[in-house]
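Here are some notes from a colleague, set out as numbered points. Please keep the structure open while you read, and look at each place as it comes up.

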Amino acid sequence: METKKHGQSGHKNRTKEYRAGLSMKARCLNPNHTAFKHYGGRGIAIHPDWINHFDKFISSVGVAPSPKHTLDRIKNEEGYVPGNCKWSTRKEQVCNRRNNILVTHNGETKILSQWAEELGVEYSVMRYRYLQGWPNWKRYSHYNRTNHG
């Protein structure tokens, strides 16, 4: 990434945004990076203007709203391009994973972990029930076999 114009790349004072840009490039462009197979290796690309021009990257994604925010892609199957990147908290990013289980209950679709949190059922219990094919009314309740035969 270009280092002369923005002042965010100094070795000791690299900004969160600059480090995010470097990490994005490493995951997508370096076949030796441990995460390459999940990014560049499956076709996740970076907008050409962002590769060597940090100022264009930052003008598109903006500054992270807090130290807890990290760079996230809105649509997981698309690349790091304008309109598909945002700053998200860890909790928000966990909801945007390819391996999440989407479940519709009472006409509303959420990921299984969100249902577990909302309904007060342990995620591991709800996941087990889902994988075992339990009906929704049992899966999403504090159903107990000893009480319900």
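1. Let me begin with one residue: at 12% relative accessibility, Ala64 counts as buried. Do keep in mind that this is a predicted model. Ala64 is found in the loop between H3 and S1. Its contacts, not counting residues up to four places away in sequence, are Lys16, Glu17, His69 and Trp87. One of these partners is far off along the chain: Ala64 and Lys16 are 48 residues apart in sequence, yet their C-alpha atoms are 7.6 Å apart in space.

2. Now a step back to the whole chain. The protein chain has 8 helices and 4 strands, and from the N terminus on the order is α-α-α-β-β-α-β-β-α-α-α-α. Of its 149 residues, 34% count as buried. If we take contacts between residues at least 6 apart in sequence, 37% of them join residues at least 24 apart.

3. The pair H1 and H3 deserves a look. The axes of helix H1 (residues 16-29) and helix H3 (residues 54-61) come within 11 Å and cross at roughly 110°. Angles of 65 to 115 degrees count as roughly perpendicular, so H1 and H3 are roughly perpendicular to each other. On the H1 side the contact is made by Glu17, Tyr18, Gly21 and Met24, and on the H3 side by Phe54, Phe57 and Ile58. Sorted by class, this contact has 5 nonpolar, 1 polar and 1 charged residues.

4. Which residues of the largest nonpolar core touch the most other members? They are Met24, Trp50, Phe57, Val61, Leu71 and Tyr80, out of 16 residues in that core. H1, H3 and S2 are the elements that give two or more residues to this core. Apart from it lies another core, of 7 residues, including Ile101, Leu112, Trp115 and Val121. As general background, nonpolar side chains tend to be buried together in soluble globular proteins. To look at one member of the 16-residue core, Val61 is in contact with Trp50, Leu71, Cys85 and Trp87, leaving aside its neighbours within four places in sequence.

5. On to Arg27, which lies in helix H1. Is Arg27 buried or exposed? With a relative accessible area of 17%, Arg27 is buried, because the cut-off is under 20%. Leaving aside neighbours within four places in sequence, Arg27 is in contact with His33, Ala35, Phe36, Tyr39, Gly40 and Tyr80. Arg27 and Ile44 are 17 residues apart in sequence, with a C-alpha to C-alpha distance of 9.0 Å.

6. Ile44 comes up again with Asn76, in the loop between strand S1 (70-73) and strand S2 (85-88). Asn76 touches Arg42, Ile44, Asn96, Arg97 and Arg98, not counting residues up to four places away in sequence. At 15% relative accessibility, Asn76 counts as buried.

7. Last, please turn to helix H5 (residues 112-119), whose buried residues are Leu112, Trp115 and Ala116. These cover an arc of only 100° around the axis, so they sit on the same side of H5. Among what covers them are strand S3 (102-105), strand S4 (108-111) and helix H6 (123-131). Two of these buried residues, Leu112 and Trp115, are also among the members of the 7-residue core. Just after H5, Gly120 takes a positive phi of about 70°.

Methods. Residues numbered from 1 in each chain as written. Predicted model: local features only at pLDDT ≥ 70, side-chain atom pairs only at ≥ 80, totals over all residues. Heavy atoms only, no water. Axes fitted to C-alpha atoms, helices over the stretch in contact; angles between N-to-C directions. Parallel < 35°, antiparallel > 145°, perpendicular 65-115°, else oblique. Contact = heavy atoms within 4.5 Å. Nonpolar A, V, L, I, M, F, W, Y, C, P; charged D, E, K, R; others polar. Buried < 20%, exposed > 50% of the residue type's maximum accessible area, 1.4 Å probe, protein only. Arc of directions from axis to C-beta. Core = buried A, V, L, I, M, F, W, Y, C linked by side-chain atoms within 4.5 Å.
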